Amino acid sequence: MLDQNGDPKSLCYAKPVTIGNDVWLSANVTVCGGVTIGDRCVIGAGSVVTQDIPADSFAAGVPCKVIRKITEADSMRYKPEVMADCRVIE
């Protein structure tokens, strides 16, 4: 494109990325412009997020897709083998 003086220039623009609260992005995740990731999501390692991810979702892949909803059953309070001597605050 040409600017106001007739000089050739490149057009560059970026879309915003919105990431909700309590979101975990695993290693090497790429989030493309214009994407919204909802609250309490987990994005798997190496994923490329090209579209919106709804809240309370586990998503992964290239392109990233929702695998399943995250529910109360995923709480660490139900995983004593992982918690060892720790406990979840009520």
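R40 is partly exposed, with a relative accessibility of 40%. In this predicted model, R40 takes part in a salt bridge with D56, and the two residues belong to a network of salt bridges that also includes D39. The model further contains an open sheet of four strands. The points below take up the salt bridges and then the sheet.

**The R40 and D56 salt bridge**

- The closest N and O atoms of D56 and R40 are 2.7 Å apart.
- D56 is located in the loop between β6 (48–49) and β7 (57–60), while R40 is located in the loop between β4 (36–37) and β5, so their salt bridge ties together parts that are 16 residues apart in sequence.
- D56 is partly exposed, its relative accessible area being 23%; R40, at 40%, also falls in the partly exposed class.
- D39, R40 and D56 are linked with one another in a network of salt bridges.

**Other salt bridges**

- The model has four salt bridges in total; side chains of opposite charge can pair when their charged atoms come close.
- One of them joins D74 to R68, with 3.0 Å between the closest N and O atoms.
- D74 has a relative accessible area of 25% and is partly exposed, and R68, with 42%, is likewise partly exposed.
- R77 forms a salt bridge with E72, in which the closest N and O atoms lie 3.0 Å apart.
- R77 is partly exposed at 33% relative accessibility, and E72 is partly exposed with a relative accessible area of 47%.

**The four-stranded sheet**

- The strands of the open sheet are arranged in the order β2-β5-β7-β8, and their pairing is mixed.
- The edges of the sheet are formed by β2 (24–25) and β8 (65–69); each has a single partner strand, so one side of each is left without a neighbour in the sheet.
- β2 pairs with β5 (residues 42–43) in the parallel sense, over two bridges.
- Within this pairing, W24 has V42 of β5 as its bridge partner.

**Where the two topics meet**

- The loop that holds R40 lies between β4 and β5, and β5 is one of the strands of the open sheet.
- The loop that holds D56 lies between β6 and β7, and β7 is also among the strands in the sheet order.

Methods:
Residues numbered from 1 in each chain as written. Predicted model: local features only at pLDDT ≥ 70, side-chain atom pairs only at ≥ 80, totals over all residues. Heavy atoms only, no water. Pairing = 2+ DSSP bridges. Salt bridge = Lys/Arg side-chain N within 4 Å of Asp/Glu carboxyl O. Buried < 20%, exposed > 50% of the residue type's maximum accessible area, 1.4 Å probe, protein only.
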